[in-house]
Amino acid sequence: MTSERSIAELLARAKAGDRAAFGTLIDAHYDFLYRTAYKWCGSREDAEDVAQDVCIKLATALAGFDGRSAFTSWLYRIVLNAVRDRQRQAARHVRWAGALAMTAEVSTPAQQADAMDDAELWDAVRALPERQRDAVLLVYAEEKSHAEAAAIMGAKESTVSWYIHEARKALKGMVQDEKR
């Protein structure tokens with residue numbers, strides 16, 4: 001990836017209106033944007049849409065980057081906000097439609113069971129309240145420390161620890177409910 005110094009140079013040039021610098025900045029971070037969005041959305045199509053939305057937003061949002069945090073920490077916030085916007089929009093569409101699609105239960109071969117368990121776990125994580133979900137995904141999916149997650153979320157480290165604790169309790173409760 002590009003060094004912090006060259007990122008700073010690209011940022012300065014992009015803020016000044018240099019389209020080539022902006023394009024290089026997007027190219028250098030697009031995989032990061034997509035991967036982050038995918039972990040929150042769980043869908044390739046949604047992640048692609050979010051990543052593209054973020055690229056468009058960055059054209060105007062770059063002016064607001066003040067350099068107090070790492071560029072990637074700032075990008076996390078932009079991606080998280082875009083994911084939340086998309087989720088709110090999807091929820092509105094579901095309410096407007098008035099019905100949810102029913103999915104048929106599909107049997108899976110034994111070798112796919114572990115992959116299904118992982119997918120079900122991440123689906124359960126995505127169903128958590130927003131702040132708990134964000135903390136879990138940052139700490140466990142992105143392997144960020146509680147301090148790094150706190151900086152990204154704009155919260156205290158102890159608050160992130162509490163979100164993780166509450167998420168674990170909620171997930172444990174979901175597993176116990178399924179066993180009944």
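## Aromatic pairs

Let's start with a tyrosine: Y163 counts as buried, at 14% relative accessibility. Its partner W162 is partly exposed, with a relative accessible area of 47%. This is a predicted model, and six aromatic pairs are counted in it. F65 and W74 form one of these pairs, which is tilted, with 5.1 Å from centre to centre and 55 degrees between the planes. The ring centres of W162 and Y163 lie 5.7 Å apart and their planes meet at 55 degrees, so this pair is tilted.

How accessible are the rings of the F65 and W74 pair? F65 is buried, with a relative accessible area of 8%, and W74 is buried as well, at 10%. Ring pairs also bring in F71, linking F65, F71 and W74 into a cluster.

## Helix α2 and its kink

Helix α2 covers residues 19–41. At its start, a side-chain oxygen of D18 comes to within 3.0 Å of the backbone nitrogen of A20. Further along, where is the helix kinked? The kink is centred on H29 and amounts to about 50 degrees.

H29 is itself one of the buried residues of α2. The buried set also includes A21, F22, L25 and I26 ahead of that position, and F32, L33, T36 and A37 beyond it. K39, W40 and C41 complete the list of buried residues in this helix. Just after α2 comes G42, whose phi is positive, near 80 degrees.

## Cysteines

How many disulfides does the model contain? The count is zero. As a reminder, a disulfide is a covalent bond that joins the sulfur atoms of two cysteines.

Two cysteines are worth a look here. C41, which belongs to the buried part of α2, has a relative accessible area of 18%. C55 is buried too, with a relative accessible area of 15%. For both residues the cut-off to keep in mind is 20%, since buried means a relative accessible area under that value.

## Helix α6

Helix α6 runs over residues 130–141 and has 12 residues. From its first C-alpha to its last it reaches 15 Å, close to the 16 Å expected at 1.5 Å a residue.

Why can α6 be called largely enclosed by the rest of the structure? Nine of its 12 residues are buried, so the description follows from that count. Among the buried residues are the charged or polar positions Q132, R133 and D134, along with A135, V136, L137, L138, V139 and A141. After the helix comes E143, whose phi is positive, near 55 degrees.

Definitions and conventions
Residues are numbered from 1 along each chain as its sequence is written. This is a predicted model: local features need pLDDT of at least 70, side-chain atom pairs count only at pLDDT 80 or more; totals for chains, interfaces and linings use all residues. Side-chain values use heavy atoms; hydrogens and water are left out. Helices (H or I, at least four residues) and strands (E, at least two) are DSSP runs, numbered from the N terminus. The expected span of a helix is 1.5 Å times one less than its number of residues. Buried means under 20% relative accessible area, exposed over 50%, partly exposed in between (1.4 Å probe, protein chains only). The bend at a residue is the angle between axes fitted to the seven residues ending there and the seven starting there. A polar contact is a pair of N or O atoms within 3.5 Å; within protein, one must be able to donate a hydrogen and the other to accept it, and residues adjacent in sequence count only if both atoms are side-chain atoms. A disulfide is a pair of cysteine sulfur atoms within 2.5 Å. Rings of Phe, Tyr and Trp (its six-membered ring) pair if their centres lie within 6.5 Å; planes under 30 degrees apart count as stacked, over 60 as edge-to-face and the rest as tilted.
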